[in-house]
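Subject: Structure handover

Hello,

Here is the structure for you to look over. My notes on it follow below.

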Amino acid sequence: MVWWHSLVNKFIFKVLLGGPSGSGKTTFLTGTPYQDREYSYIGVSFNLLECEVNSRDHYTFQVWDFNDNFHHRFLFPSFCLGAKGALLCFDLSDPTSFEDLDYWIDLMRTHDPELPILLIGTKNDLINKVSEDQISQLMEE
């Protein structure tokens, strides 16, 4: 008698989610407004996103959602270890939020200068004060 075992490939990737406080990063991830969530005492919250690509490949994304609080920033570089990618959110209606991205890009690439980063402009329903030219220029840099 032959028993066939279906092989399943399971992959786990650590993904960082950062951006200035109030930029909408957690709402982007969870769809839940900030005031409805619990406060993180260690400066980061964790979410697991499951994705089955086909019947054999199963991906789990460990999303490390950085809670931008000055008191936790000293921990952030160590949180970046082992990351395979990053999502950086900024508020399109707040130019200061966009200007803070330099800090976040440097932070996310502390241990891996080639870490892939996706920029996510949030709050598009408000008046945009960050231009597409500014975003394009940052991406080129």
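A definition to start with: helices and strands here are DSSP runs, numbered from the N terminus, with at least four residues for a helix (H or I) and at least two for a strand (E). In that numbering, E141 sits in the segment after α5 (132-140). Please note that this is a predicted model.

**Overall layout**

The protein has five helices and five strands. Read from the N terminus, the order of elements is β-α-β-β-α-β-α-α-β-α. There are 141 residues in the protein, and 36% of them are buried.

**Strand β4**

I would look at β4 early on. This strand covers residues 85-91, and seven of its seven residues are buried. Both of its faces are covered. On one side are G85, L87, C89 and D91. On the other are A86, L88 and F90.

β4 pairs with two strands that I can describe. Strand β1 (residues 9-18) is parallel to β4, with four bridges between them. Strand β5 (residues 117-122) also runs parallel to β4, and here six bridges join the two.

Two individual contacts help to locate these pairings. L88 in β4 is the bridge partner of G18. L87 stands opposite L118 in β5.

G18 belongs to strand β1. Its relative accessibility is 0%, so G18 counts as buried. The C-alpha atoms of G18 and A86 are separated by 7.5 Å. Along the chain, these two residues are 68 residues apart.

**Salt bridges**

How many salt bridges does a search of the whole structure find? The search finds two. As background, side chains of opposite charge can pair when their charged atoms come close.

One salt bridge joins K123 and D91, with the closest N and O atoms 3.5 Å apart. This pair links distant parts of the chain: K123 is in the loop between β5 and α5, D91 is in strand β4, and their positions lie 32 residues apart in the numbering as a separation along the chain.

Are the two partners buried or exposed? D91 has a relative accessible area of 7%; buried means under 20%, so D91 is buried. K123 has a relative accessible area of 31% and is partly exposed.

K123 has a backbone feature to check as well. Its phi is positive, about 60 degrees, although K123 is not a glycine.

The other salt bridge is between the side chains of D68 and R73, at 3.0 Å from N to O. D68 has 19% relative accessibility; the cut-off for buried is under 20%, so D68 counts as buried. R73 is at 26% relative accessibility and counts as partly exposed.

**Surface charge**

Which residues gather in a patch of negative charge on the surface? They are D94, E99, D100, D102, D106, E140 and E141.

E141 brings us back to the segment after α5. Its relative accessible area is 70%; exposed means over 50%, so E141 is exposed.

**Where to look**

For a quick tour, begin with β4 and its parallel partners β1 and β5. Then follow D91 from β4 to its salt bridge with K123. Move on to D68 and R73. Finish at the negative patch, which includes E141.

Best wishes

How values were computed:
Residues numbered from 1 in each chain as written. Predicted model: local features only at pLDDT ≥ 70, side-chain atom pairs only at ≥ 80, totals over all residues. Heavy atoms only, no water. Patch = residues over 30% accessible without salt bridge, like charges linked within 9 Å, V, L, I, M, F, W, Y side chains within 5 Å. Areas by Shrake-Rupley, 256 points an atom, 1.4 Å probe, with all protein chains shown as cover. Salt bridge = Lys/Arg side-chain N within 4 Å of Asp/Glu carboxyl O. Lys, Arg positive; Asp, Glu negative; His and termini not counted. Charge placed at Lys NZ, Arg CZ, Asp CG, Glu CD. Buried < 20%, exposed > 50% of the residue type's maximum accessible area, 1.4 Å probe, protein only. Pairing = 2+ DSSP bridges.
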